[in-house]
Amino acid sequence: MSDPFDLSDADEPDFAIAPAPRAGGIAARALAGAAGAPRYLEGLNAEQREAVEAMDGPVLVLAGAGTGKTRVLTTRIAHIIATGRARPHQILAVTFTNKASREMKERIGALIGPGAEGMPWLGTFHSIGAKILRRHAELVGLQSTFTILDTDDQIRLLKQVLQAEDVDDKRWPARALAHQIDNWKNRGLDPTRVPPGEAGAFANGKGGKLYEMYQARLKTLNAVDFGDLLLESLRLMREHPDVLTQFQERLRYILVDEYQDTNTVQYLWLRLLAQGRRNVCCVGDDDQSIYGWRGAEVDNILRFDKDFPGAKVIRLERNYRSTGHILAAAAHLISHNGGRLGKTLFTDGEDGEMPTVTGIWDSEEEARTIGEDIEQLQRKGANLDEVAILVRASFQMREFEERFITLGVPYRVIGGPRFYERAEIRDALAYLRCIAQPADDLAFERIFNTPKRGLGDATLQCLHNYARSARIPLMQAARVIVETEELKPKARGSLRALVTDFARWSSLVENTRHSELAETILEESGYTDMWRNDRSADAAGRLENLKELVRSMEEFPDLGGFLEHISLVMDVDSREGGAHVSIMTLHAAKGLEFETVYLPGWEEGLFPHQRSLDENGRAGLEEERRLAYVGVTRAKRRAKIYFATNRRIHGMWQTTIPSRFLDELPADHVEVVEAATGVSYGGYAQSRFANQDSYTSTYSTPGWQRAQQRRSEQGASGGWSKGPQAAQSTQAWSGRKAPAVIEGELVAKSSAASAFEPGARVFHIKFGNGTVASVDGNKLTVEFDKAGRKMVLDSFVQAHGA
DNA sequence: CCGCCATCCCTTTTT
DNA sequence: GGGATGGCGG
């Protein structure tokens, strides 16, 4: 593990790698292949090999799903090292996630031996940004011990800023400002560069000022947020050409994973570094760009050869993951997107099973059907680790979890709450932060009355006032104030105790192992006792987590290294405990693969998600389609798609229509399956794909609306949608905004009171007959004869006998 | 200072 | 429907 506080000059050779020059172990071993071709090149196909061996100048590798992207990246690094073009510490390799960089590190290790340990510049954008920043912190007004704030701290800080500016944080929530600032940072805009129009958009023209104040506060706290790791390191390199040159010279080769996901700062940052030697190799797939909503610019990859003239573009299209039918289905689906760089995956493998599409009655039946299907796989001896359910939105997960619990199918939800986001972990870390970085007011505030020590708002206010006027951190202010008459005796006493505790703990730093110190602090502060005395059910688990935290500290050389790891790298990847079905979002599934993939919820409004369409129109639709593509291409052997006719959304049952993406699948590579569980409801199976070829991919601007309309026209003549009751998903999902689409015609939705009155007899497609109990606008509470009391939208019931 | 109730929102999410 | 949050009352 590299030490973030190691500020030694990196020009010194860093040698985890064997001291014997490269002629030694690595190169010799690597070059030991038969005909002089290094062994690590064996087994690469022609394109992969070209991508590995194209050494000089910019290279763009367009690597489709499952075409060996990581292999190319890692082999390329091995090749650079083996041919002596650069040493491990002269290669910059950036990824987006820790998982990706860990995997890359491991695989390089497997290729070239332990030399990969000596790759200090392999990591996420953020961790490398942090590293650059720590080395030259003073040039941007920080100390090298700066704290990295997470989203939570960021929001608390923004709340203070909003308060200071007297902004109504009801009307202008801190969260929204945090988003806005992130958005600016993603686009490489520091406060001076924000376009005036945008700066004025928040809080009646205060947006820009608030941003500026926030940045100033960060500096006094000696802290940065995630966005700053890139934006500030970019500024650093821009404003200090000597530093930039140093990095450009040192980092001889640059490799970038998932280039389609880079946002503007990342792009600018890379371009700056790459301008030196222009030995930059970006790997990505425009068809898998699914992070537009958090600032990723597909344009970066589409524009690569303009940014780097003379770039070599290599396409990897041979897929090693999926069977023929799956690839054909995915390819046809994605072909409906415009503006692609264009790749068509192929395989020499077998056609395999066709992906299936199954329509079922509602989301409960969806969970039941999939659950049974999995049990059947299990009986046939399938490995549950090779089974995944990929959903569009996390609320879909619950139904599966519940089902799996009753069935006793072991499952794991990927992307749940993280270890370090738990309150007890954050509290413990706050104590440590107070020691490591005395200017960290946010940490101080967090623990100042945790556990309860009778210090309230009044005391904090007083501390703040003093700290602000004296321009000192809260901790220091506290030290001064306890010597005065400012506070009531009781508060003064508690605060004094806290201050002296901290003084004692700080004096221990030098001579105590940091894990031991942490234990002492948690004990002596009363923090662990607080949980011991807690009667609630999860208290024991929290104590367990604290122990785990202390244990994990032992892996780090010092407190600083540990805190860096926690804020940038730490995730809980508990793989133990036998085989599990994975449940995760489509986003989380990128980069993974499974034998069998279940894709539930392919309905208009959910997938493609209405909000995506509303907010980003055609671009939004295309990103959704890429998400569908990512989903299908996760499957090695079996892809099973489902759509439900009814789904509960915000607690109310809504009728939905099948996703347009279903119509975009190729009829001769997809099998339509009738749901096992009875309920016959219409002839979609026979008329399916009837309109397959009537699809034209030319949407005019409010594209999705037109498409929506066309869909309903299609519906009338077959296609996926069925009876007239099926058409209201647009309304269901977008709430008030969009007009309701009723089979073939647009009907203005009246927000006026419902036509129904209490006591009226009504019929609902899912619940049957019932009596209206009460009316609230267009929401009805109905006492159904069979199904009991439910809340439904009035447009989903018919007057009885009508 | 704590705990209860009204209110609001509800896609995706890494670092 | 449900969870998070914030205000208010004890």
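Me: Which side chain has an N or O atom 3.2 Å from a sugar or linking oxygen of DNA strand B?
Reply: Quick caveat up front: this is a predicted model, where local features need pLDDT of at least 70 and side-chain atom pairs count only at pLDDT 80 or more, while totals for chains, interfaces and linings use all residues. Residues are numbered from 1 along each chain as written, chains are lettered from A and ligands numbered from 1 in the order written, and side-chain values use heavy atoms, leaving out hydrogens and water. The contact here is polar (a pair of N or O atoms within 3.5 Å). The side chain is that of His 609.

Me: How far is a backbone N or O atom of Leu 455 from a phosphate oxygen of DNA strand B?
Reply: Gly 456 puts a polar backbone atom 3.5 Å from a phosphate oxygen of the strand. For a backbone N or O atom of Leu 455, the distance is 3.2 Å.

Me: Which helix gives the largest share of the surface near DNA strand B?
Reply: Near means that a residue has a heavy atom within 4 Å of the strand. The surface splits into six nonpolar, 14 polar and seven charged residues (Asp, Glu, Lys and Arg count as charged; Ala, Val, Leu, Ile, Met, Phe, Trp, Tyr, Cys and Pro as nonpolar; the others, Gly among them, as polar). The largest share, three residues, comes from helix 28 (residues 610-632).

Me: What percentage of the atoms of DNA strand B within 4 Å of the protein belong to sugar or phosphate?
Reply: Among the residues that come nearest to the strand are Arg 418 and Lys 452. Bases make up the rest of those strand atoms, and the sugar or phosphate part is 62%.

Methods. A polar contact is a pair of N or O atoms within 3.5 Å; within protein, one must be able to donate a hydrogen and the other to accept it, and residues adjacent in sequence count only if both atoms are side-chain atoms. Helices (H or I, at least four residues) and strands (E, at least two) are DSSP runs, numbered from the N terminus.
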